[in-house]
Amino acid sequence: MEGLIKQAARDLVESKHAIALTGAGMSTESGIPDFRGPKGIWTTNKKAEAEAYKMYELFLKEPKTYWVEISGSQGTYRKFYEEIRKAKPNPGHHALAELERRGILKCVITQNIDGLHIKAGNKKVLEYHGSIYKLRCISCGSRFGIEEVSLDELPPLCKCGGVLKYDVVHFKEPIPLDVREESEREALRCDLMVICGTSAVVYPFADLPIMARFGSGRLPLGLYVTGHKTNVKIIEVNAEPTPLTQEGVSDYLIQGKTGEVLPKIVEEVKKARKI
Ligand code: NAD
């Protein structure tokens, strides 16, 4: 593993446009459980998974009931979101913030809704699945901080008359176009992608490494459109192999905890740059 950590540091120092992709595994060391890891919420509670799949439909059909479930004192989501709000960034988040401060990392695209990259100090963060700190209008797409909107009347409404929902993207809900387009631009442009703490099975997010590697997304039947780009380095930092490891999309996997591996990479970057 030490050899791969040095190699990742070298690759980062030599890169021109490095970006990070992150998932729930990044925040388990901050006390927020992931979904599909060995101790994940859904690995241990299949009913919670089934419920999560219904949330977007519930919002469309009965926005008031959705809001009661998500913010009411009996709602399971309220407890989960309150726990998340108490969490603090861990050494893995701080390592990515340090790489941005050093001008190496140009952008973080995260599936996480916990806001921990922003709390750690990263400035360019694309929250692909939204954030628990924001609400979004499903008609005009405007976003508001949670403190800006009163929840006395449910569902809350936008100035345009549209219904507001949590910015968090639920299953079967389309990714907001602004964040999706910017993430795809970053994936096509980068020459290094470091993928941290994700099982890489949630689409369309899991298409981003495929776009970086092949210059295009996945076609039906798992076929790829164009050739393998050899001038892009794709590095995974994850507790276990993923489909990206198994299908050869990533160049190498550093198997371990993001909170331990990423700070070691930063130490090697400092040595390589002698600062
Ligand atoms: P996932 O649960 O599907 O996969 C997490 C992966 O990270 C697993 O492969 C697991 O083995 C690995 N992992 C766990 N702890 C790790 C650690 N300390 N270091 C390295 N690897 C570790 O998560 P996903 O791929 O992000 O997809 C799940 C969806 O759930 C995402 O859409 C995300 O929005 C949402 N989610 C977010 C949070 C959060 O905001 N913190 C928490 C749970 C789920």
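**Exercise 1. Describe how helix H9 passes helix H10 in this predicted model, and find the residues that meet**.

*Solution.* Start with the handedness: the crossing of H9 past H10 is right-handed. Next, locate the two helices: H9 covers residues 177-189 and H10 covers residues 207-214. Their axes lie 7 Å apart, at an angle of about 35°. Now look at the residues: Ser183, Glu184, Ala187 and Leu188 of H9 meet Leu208, Met211 and Ala212 of H10. Sorted by class, this contact has five nonpolar residues, one polar and one charged.

**Exercise 2. Work out whether H1 and H12 are parallel or oblique to each other**.

*Solution.* First, read the geometry: the axes of H1 and H12 are 8 Å apart and make an angle of about 60°. Then apply the cut-offs: angles under 35 degrees count as roughly parallel, and 65 to 115 as roughly perpendicular. The two helices are therefore oblique. Finally, add the handedness: H1 passes H12 in a right-handed crossing. Among the residues making the contact are Ile5, Ala8, Ala9 and Leu12 of H1, with Val261, Ile265 and Val269 of H12. By class, there are nine nonpolar and five charged residues here, and no polar ones.

**Exercise 3. Find which members of the largest nonpolar core touch the most other members, then follow Ile265**.

*Solution.* Begin with the core, which has 25 residues; Leu12, Leu99, Ile254, Leu262 and Ile265 touch the most other members. Then ask about the elements: H12 gives the largest share, five residues. Last, follow Ile265: apart from neighbours within four places in sequence, Ile265 contacts Ile5, Ala8, Ala9, Leu12 and Ile254.

Conventions
Residues are numbered from 1 along each chain as its sequence is written. This is a predicted model: local features need pLDDT of at least 70, side-chain atom pairs count only at pLDDT 80 or more; totals for chains, interfaces and linings use all residues. Side-chain values use heavy atoms; hydrogens and water are left out. Axes are lines fitted to C-alpha atoms, for helices over the stretch in contact, and angles run from 0 to 180 degrees between N-to-C directions. Helices (H or I, at least four residues) and strands (E, at least two) are DSSP runs, numbered from the N terminus. A crossing is left-handed if the near helix is turned anticlockwise from the far one by less than a right angle, and right-handed if clockwise. Contact means heavy atoms within 4.5 Å. Ala, Val, Leu, Ile, Met, Phe, Trp, Tyr, Cys and Pro count as nonpolar, Asp, Glu, Lys and Arg as charged, and the others, Gly among them, as polar. A nonpolar core is a set of buried Ala, Val, Leu, Ile, Met, Phe, Trp, Tyr and Cys residues joined through side-chain atoms within 4.5 Å. Buried means under 20% relative accessible area, exposed over 50%, partly exposed in between (1.4 Å probe, protein chains only). Angles under 35 degrees count as roughly parallel, over 145 as roughly antiparallel, 65 to 115 as roughly perpendicular and the rest as oblique.
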